[in-house]
Amino acid sequence: MRLLPFVAALLLLFPLAGAAPAFHAYHSTITELRYNAAKKQLEISVKVFVDDFEKALSQGQPTRVNLTDAGPRPLVLATAYFQRTLQVSVVTGKPLLLQVLGMQAENDGCWFYCKVPLPGPVTAVKLRQAVLLDTFADQMNIVNIEANGKKQSALFRAGHEEETLAW
């Protein structure tokens, strides 16, 4: 799915959307996915708005989740959430194990760094990017893919949570 003009315009607006910490003009995430053939893995970075992500992680929890809390709780809950909502599989297989390596705060956002070990060389994956779709009806998840020297983008939203990405 070619969305480069749309994605470029949205990326220019992304920093402005978080100017007010408690309100966004829209709900979105940015996912950077890189295929590392030498290591046989996908390297994934996901940027979320902190307040949106904390709201999603807090659903069903006895106390509100704060990403800046000390201890392992925020990362453990984020890992479980990403494993449910951000899934990669080889086209004919079941989802592969997504490993969350860490997170880094950035203004009103937070980057999560992940990897997905692959069973071998691949030329395509099936991606399910449903992060925050269960929390916000207007959620948009922009995915930028870099593999084998090619770059492409895809947009995921309610009703379009999965796509096969080939390179």
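**Exercise 1.** Locate Leu 132 among the elements of the chain, then state the sign of its phi and whether it is buried or exposed.

*Solution.* Step 1: Leu 132 sits in the loop between strand 6 (124-129) and strand 7 (140-147). Strands (E, at least two residues) and helices (H or I, at least four) are DSSP runs, numbered from the N terminus. The model is a predicted one, in which local features need pLDDT of at least 70, side-chain atom pairs count only at pLDDT 80 or more, and totals for chains, interfaces and linings use all residues. Residues are numbered from 1 along each chain as its sequence is written, and side-chain values use heavy atoms, with hydrogens and water left out.

Step 2: Most residues other than glycine have a negative phi. Leu 132, not a glycine, has a positive phi of about 65 degrees.

Step 3: The relative accessible area of Leu 132 is 0%, so Leu 132 is buried (buried: under 20% relative accessible area; exposed: over 50%; partly exposed: in between; 1.4 Å probe, protein chains only).

**Exercise 2.** Carry out the steps of Exercise 1 for Lys 40.

*Solution.* Step 1: Lys 40 lies in the loop between strand 1 (28-36) and strand 2 (41-49). Step 2: its phi is positive, about 50 degrees, although Lys 40 is not a glycine. Step 3: Lys 40 counts as partly exposed because its relative accessibility is 41%.

**Exercise 3.** Describe the protein chain by its elements and its burial.

*Solution.* Step 1: the chain contains 3 helices and 9 strands. Step 2: read from the N terminus, the order is α-β-β-α-α-β-β-β-β-β-β-β. Step 3: of the 167 residues, 49% are buried.
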